[in-house]
Amino acid sequence: MAKETIRVLHIVTYMGRGGLETMLMNYYRHVDRSKVQFDFLVHRDFEADYDEEILSLGGKIYHISRLVPWSRQYRSELKEFFQKHPEYKIVHVHQDCLSSVALQCAKECNVPVRIAHSHSSSAVKNIKYLIKLYYMKKISCYATDLFACGQQAGDWMFSGEKYKIIRNAIDTKKYDYSPDIEQEVRQELGLGEKKVIGHVGNFTPAKNHTFLIKIFKEVLKKDPDSQLLLVGGGDGMLSVQEEVRTMGMQDKVTFTGVRSDVNRLMQVMNVFVFPSIYEGLPVTMIEAQASGLPCIISDRVSNECIITKELVTSMRLEDTPENWADLIIEKSRCKRENHNQEIEDAGYDIMTAAKQLEKFYLENSKE
């Protein structure tokens, strides 16, 4: 008699091409889907980037109202969902500080396995910050298991509680450097032989694009034949494009928007720059190192992401854009080499990592 497939419900905002969503899809593609299937409860009513692929892999997508943590109506809607779907014995929540809301509703509806997953090491310090901290402190009351992308993210969100690290693993072979692909993409984007400074990330305050634009302005003073390649989308992109126009650099900055071929785009970059204000453990940094790219990151990005020490340099965010620019120009001259084995040895190969997560789901579903 064939064993029944376990269906795991992942609770997310929506499945766009952000860091945590890309990480989830990497795992989804590589688990044995005859044993474990992923389904998604999303909080937006539009079709997101990964929706079509999710459906093609056998997953289901359910829609629910936007998360309002204090809303009785929202909690009632969530409980009604759990009551209608008793097949979900494992709920895996990716809602940052507000994960406690879904976890509490799942507990009250007797869902036996309730996972909170930390993907970040801080939050935007705006008017919502104290509200987020209030709900964050409740997570361990309702979760049965705590996951984090790295130690910094786990320590921040779970405050001394025991957690399991689930690495932001990738298919390392996809990132092997190829001169042929580099030339192909250079031609597609009209880059010629320019030095390309690259960045991958959605346009959110944490990614610090405004500072990156200031850095690039200094790069152009010393190396006018440089191009900044910004990969990603989001609500903040328009304001960054306006900044670029105001500085008169519109011909020097390429906005690709959201792309499904980040592995190809990294082939044309000469150096990867990542001046984030805070991060968990960014999957793009693993991808950049697998591509053999010299990387310059801010000192706010967790050192856990530094796997290939000869490739990655950390800079203080308080340092001047001029100093950042000097280092970028220096690193952009480095010869590219393959570092895939180091990535795999550090546990970031998706083939191995997916089997470990699959094992967790299977063992806990039996319990």
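**Two parallel sheets and the helices packed against them**

In this predicted model, seven strands form an open sheet in the order S3-S2-S1-S4-S5-S6-S7, with parallel pairing, where two strands are taken to pair if DSSP finds at least two bridges between them. Strands (E, at least two residues) and helices (H or I, at least four) are DSSP runs numbered from the N terminus. At the edges of this sheet stand strand S3 (61-63) and strand S7 (164-165), each of which pairs on one side only. Within the sheet, strand S4 (residues 90-93) and strand S5 (residues 113-118) pair in the parallel sense over four bridges, and Ile90 stands opposite Val113 in S5.

Residues are numbered from 1 along each chain as its sequence is written. Local features need pLDDT of at least 70 and side-chain atom pairs count only at pLDDT 80 or more, whereas totals for chains, interfaces and linings use all residues; side-chain values use heavy atoms, with hydrogens and water left out.

Helix H1 (residues 19-30) lies across strand S1 (6-11), strand S2 (36-42) and S5, and runs at about 155° to S2; axes are lines fitted to C-alpha atoms, for helices over the stretch in contact, and angles run from 0 to 180 degrees between N-to-C directions. H1 also packs with helix H15 (residues 350-366) at an angle of about 80°, their axes being 9 Å apart. The two helices H1 and H15 are therefore roughly perpendicular to each other, a description applied to angles of 65 to 115 degrees. Their contact (heavy atoms within 4.5 Å) is made by Asn26, Tyr27 and His30 of H1 together with Ile350, Met351, Ala353, Ala354 and Leu357 of H15. By class, this contact of H1 with H15 comprises six nonpolar residues, two polar residues and no charged ones, with Ala, Val, Leu, Ile, Met, Phe, Trp, Tyr, Cys and Pro counted as nonpolar, Asp, Glu, Lys and Arg as charged, and the others, Gly among them, as polar.

A further open sheet has six strands in the order S10-S9-S8-S11-S12-S13, with parallel pairing. Strand S10 (253-257) and strand S13 (312-315) stand at its edges, each with a single partner strand, so one side of each is left without a neighbour in the sheet. The twist averages 25° from one strand to the next. Four bridges join strand S12 (residues 295-298) to S13, the two running parallel, and Thr313 in S13 is the bridge partner of Ile296. Helix H13 (residues 321-331) lies across strand S8 (195-200), strand S11 (271-274), S12 and S13, running at about 155° to S12.

Technical notes
Angles under 35 degrees count as roughly parallel, over 145 as roughly antiparallel, 65 to 115 as roughly perpendicular and the rest as oblique.
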